[in-house]
Amino acid sequence: MDDFYKNLKPSPEFQNLFYGEEPTKVPDDWFVLITDIVGSTKAIEEGRYKDVNTAGGLTAIAVANVYGHMDFPFVFGGDGVTFLLPVHLLFPIRSAIADTIAQVRSAFGLEMRAGIVPVQELYRAGADLFLSKFRASAHYVQCSLFGDALSLAETWIKEGKDESYLVRENEKIFPADFTGFTCRWKDIPSERGEIVSLIVKPIHPDFDVCKKTITRVLNFIRSEYGEEGDYHPLRVSNIELDSGPYLRKEAIARIGKPSGIRFYLALTQIWLERTVVAIAMQFGIPFRSGHYSLNHLKEYQILSADFRKYDGTLKMVIDGSKQNRESLVSFLNQLELEGLIRYGNFVSNRSLMTCVLKVNSSEEVHFVDGADGGFAMAAKVLKEKLKLL
């Protein structure tokens with residue numbers, strides 16, 4: 001069963017994950033599921049960065065609805081999500097992902113690649129995989145993943161090491177359930193001038209050195225940018241409900257196509273719900289929906305925002321000034337010269353948010369990425385550097 005993950009005690013602070021207690025080794029009868037969008041860079045260059053993020057959000061809610069809760073290990077990476085799966089959920093989740101591949105192609109014209117690799121095979125190849133938990137809010141517990149197994153699994157999937165690892169559309173048994181996926185907020189402008197999407201990969205062979213390196217990076221960010229509240233990419237004053245385009249994307253994701261009676265009925269429902277929320281926020285009316293008090297909905301988005309995470313790379317979305325970013329780049333360049341890291345970053349003037357809510361519970365996560373490509377474009381820079389290694 002998946003009780004081993006549920007029973008792990010979450011850390012109260014993100015930075016605590018990199019010192020103190022050791023992370024827990026993933027059981028060898030579990031599986032790694034990796035999804036990503038093929039050609040995401042081209043789609044982003046065409047201005048379709050929100051479609052790419054939406055596809056990632058759909059995989060997260062599809063898997064959550066198989067689990068029946070959100071206390072399971074996953075990490076959002078911009079154009080895809082990495083999951084860890086217990087054996088008893090392998091086949092229903094494989095079916096849900098197979099249908100998600102088809103739905104993403106139908107709704108957005110994007111090709112999703114997905115692969116499932118046994119952890120046991122990764123261990124046999126000499127790789128390591130550990131995890132920890134961090135309580136980001138009362139409504140969201142975040143997973144952190146350590147070791148080199150994920151990068152190896154990604155390589156095997158992309159290179160087609162074993163055809164059985166790939167998830168195919170024809171493996172669908174039951175339709176994927178996207179209930180709980182929402183997309184109702186405008187892009188959020190930077191408060192301080194720039195939104196930096198940052199990916200830092202420690203490359204030292206010693207595991208403890210890698211953790212200490214990430215601690216150094218986090219300490220520098222704190223000294224340069226301030227506390228989390230200072231560089232958090234979401235602000236109550238800057239979060240606004242969308243007035244059309246993103247609402248349509250939610251309806252497309254829900255129905256699978258941008259036309260037809262079912263699409264317009266879904267869009268009408270979304271608009272009505274959005275109107276109620278707007279009224280509640282504008283006039284301070286404490287309407288309730290599930291665990292939400294709708295007049296404080298913006299605060300919930302910030303509390304459970306997934307703007308920093310770790311999956312073998314540190315991924316962060318940071319709001320700061322140009323001067324802050326130049327200082328950070330200078331520091332990271334020095335760590336590269338020391339042979340400790342490789343990194344990629346991408347700068348925008350706003351961030352975007354994609355929301356996943358577990359219906360009939362208080363569990364939720366709000367994925368945050370830099371606009372215009374964010375993590376996907378930062379990853380492109382990082383991959384070019386890693387090739388030189």
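**Exercise 1. Placing a residue of a helix**

Task: Determine in which helix Gln120 is found, and whether Gln120 counts as buried, partly exposed or exposed.

Solution. Gln120 is found in helix α5, which covers residues 119-124. The model examined here is a predicted one. The next step concerns accessibility. Buried means under 20% relative accessible area and exposed means over 50%, with partly exposed in between. The relative accessibility of Gln120 is 34%, so Gln120 counts as partly exposed. A final step concerns a neighbour in space: Gln120 and Trp30 are 90 residues apart along the chain, and their C-alpha atoms are separated by 7.6 Å.

**Exercise 2. The chain as a whole**

Task: State how many helices and strands the chain has, and decide how its radius of gyration compares with the globule rule.

Solution. The chain has 13 helices and 18 strands. Its radius of gyration is 20 Å, and the globule rule gives 21 Å for 389 residues; the two values are close, so the chain is as compact as a globular protein of that length. Along the principal axes, the C-alpha atoms fill a box of roughly 55 × 50 × 40 Å. Of the 389 residues in the chain, 58% are buried.

**Exercise 3. Aromatic pairs around Phe14**

Task: Classify the pair of Phe14 and Phe18, then the pair of Phe14 and Phe134.

Solution. A pair of aromatic rings is described by the distance of the centres and the angle of the planes. The structure holds 20 aromatic pairs. In the pair of Phe14 and Phe18, the centres are 5.6 Å apart and the planes stand at 75°, an edge-to-face arrangement. For Phe14 and Phe134, the centres are 5.7 Å apart and the angle between the planes is 65°, so this pair is edge-to-face. The pair of Phe14 and Phe134 links distant parts of the chain: Phe14 is in the loop between α1 and β1, Phe134 is in strand β6, and 120 residues separate them.

Accessibility completes the picture. Phe14 has a relative accessible area of 4% and is buried; Phe18, at 2%, is buried; and Phe134, at 4%, is buried. These residues belong to one aromatic cluster, formed by Phe14, Phe18, Phe130, Phe134, Phe146, Phe207 and Tyr310.

**Exercise 4. Salt bridges of helix α7**

Task: Describe the salt bridge of Lys211 with Glu22 and that of Arg216 with Glu338.

Solution. Side chains of opposite charge can pair when their charged atoms come close. A search of the whole structure finds 28 salt bridges. In the bridge between Lys211 and Glu22, the closest N and O atoms are 3.3 Å apart. Lys211 lies in helix α7 (residues 207-225) and Glu22 in the loop between α1 and β1, 189 residues apart. The relative accessibility of Lys211 is 5%, so Lys211 counts as buried.

The closest N and O atoms of Arg216 and Glu338 are 3.5 Å apart. Arg216 lies in helix α7 and Glu338 in the loop between α12 and β16, so the bridge ties together parts that are 122 residues apart in sequence. Arg216, at 36%, is partly exposed, and Glu338, at 39%, is partly exposed.

**Exercise 5. A surface patch**

Task: Identify which residues form a nonpolar patch on the surface.

Solution. The patch is formed by Val276, Ile279, Phe283 and Phe287, with about 360 Å² of accessible area together. Ile279 is found in helix α10 (residues 261-283), and at 36% relative accessibility it counts as partly exposed.

Technical notes:
Residues numbered from 1 in each chain as written. Predicted model: local features only at pLDDT ≥ 70, side-chain atom pairs only at ≥ 80, totals over all residues. Heavy atoms only, no water. Patch = residues over 30% accessible without salt bridge, like charges linked within 9 Å, V, L, I, M, F, W, Y side chains within 5 Å. Areas by Shrake-Rupley, 256 points an atom, 1.4 Å probe, with all protein chains shown as cover. Salt bridge = Lys/Arg side-chain N within 4 Å of Asp/Glu carboxyl O. Helix = DSSP H or I, 4+ residues; strand = E, 2+ residues; numbered from the N terminus. Buried < 20%, exposed > 50% of the residue type's maximum accessible area, 1.4 Å probe, protein only. Phe/Tyr/Trp six-rings, centres within 6.5 Å; stacked < 30°, edge-to-face > 60°. Rg over C-alpha atoms; globule rule 2.2 N^0.38 Å.
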